[in-house]
Amino acid sequence: MLKITIKPGEYVMIGEEIKVIFAGGSSNNMHLMIDAPRELNIARSKLLEKKEHYYVDQKLPMEAVKQIQRIIMENKLPKEISE
């Protein structure tokens, strides 16, 4: 395990693709920004302890995309035109 001290605005690189930026904080909190590929699953320890995970969004099927677009367009049209 590596222990380092950094100042707000400084960052740490993990490999070539992951950047962890220290954005400041207070006595009880630390603010981190993590720039990583979307394919990586990043989870807080609280969620891991609860066995909850966030996963990368899967691409919607084209049929679902078209259906969503149709619904959006119908809601944009004035009521008298759509009826």
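In this predicted model, residue I21 of strand β2 has M33 as its bridge partner in strand β3, and on the β1 side the residue standing opposite I21 is Y11. These pairings belong to an open sheet of 3 strands in the order β1-β2-β3, with antiparallel pairing. The protein chain holds 3 helices and 3 strands in total, and its elements run β-β-β-α-α-α from the N terminus on.

**Sheet layout**

- Strands β1 and β3, the latter spanning residues 30-35, stand at the edges of the sheet, and because each has a single partner strand, one side of each is left without a neighbour in the sheet.
- From one strand to the next, the twist of this sheet averages 25°.
- Strands of a sheet pair through backbone hydrogen bonds, in either a parallel or an antiparallel manner; in this sheet the pairing is antiparallel.

**Pairing of β2 with β3**

- Strand β2, which covers residues 18-25, is joined to β3 by 6 bridges, and the two strands run antiparallel.
- Among the residue pairs here, V20 has I34 as its bridge partner in β3, I21 is matched with M33, and G25 stands opposite M30.
- The two strands form a hairpin, with 4 residues lying between β2 and β3.

**Pairing of β1 with β2**

- Strand β1 is joined to β2 by 4 bridges, again in an antiparallel arrangement.
- The pairs include V12, whose bridge partner in β2 is V20, and Y11, which stands opposite I21.
- V20 is thus listed with a partner on either flank, namely V12 in β1 and I34 in β3.
- The hairpin of β1 and β2 has 3 residues between the strands, and within this hairpin G15 takes a positive phi near 70°.

**Burial, contacts and surface**

- Of the 83 residues in the protein chain, 7% are buried.
- Among contacts in the protein chain with a separation of 6 or more, residues 24 or more positions apart account for 0%.
- The accessible surface of the protein chain comes to about 8300 Å², and 55% of this surface belongs to carbon and sulfur atoms.

**Confidence**

- The protein chain has a mean pLDDT of 80, with 82% of its residues reaching 70 or more.
- Confidence is highest in strand β1, residues 11-14, at a mean of 93, whereas the lowest value, a mean of 51, falls in helix α3, residues 79-82.
- Where pLDDT is low, the predicted coordinates should not be read in detail.

How values were computed
Residues are numbered from 1 along each chain as its sequence is written. This is a predicted model: local features need pLDDT of at least 70, side-chain atom pairs count only at pLDDT 80 or more; totals for chains, interfaces and linings use all residues. Side-chain values use heavy atoms; hydrogens and water are left out. pLDDT is the predictor's confidence in each residue, from 0 to 100. Buried means under 20% relative accessible area, exposed over 50%, partly exposed in between (1.4 Å probe, protein chains only). Contact means heavy atoms within 4.5 Å. Accessible areas come from the Shrake-Rupley method with a 1.4 Å probe; for residues, only the protein chains shown count as cover. Two strands pair if DSSP finds at least two bridges between them. Axes are lines fitted to C-alpha atoms, for helices over the stretch in contact, and angles run from 0 to 180 degrees between N-to-C directions.
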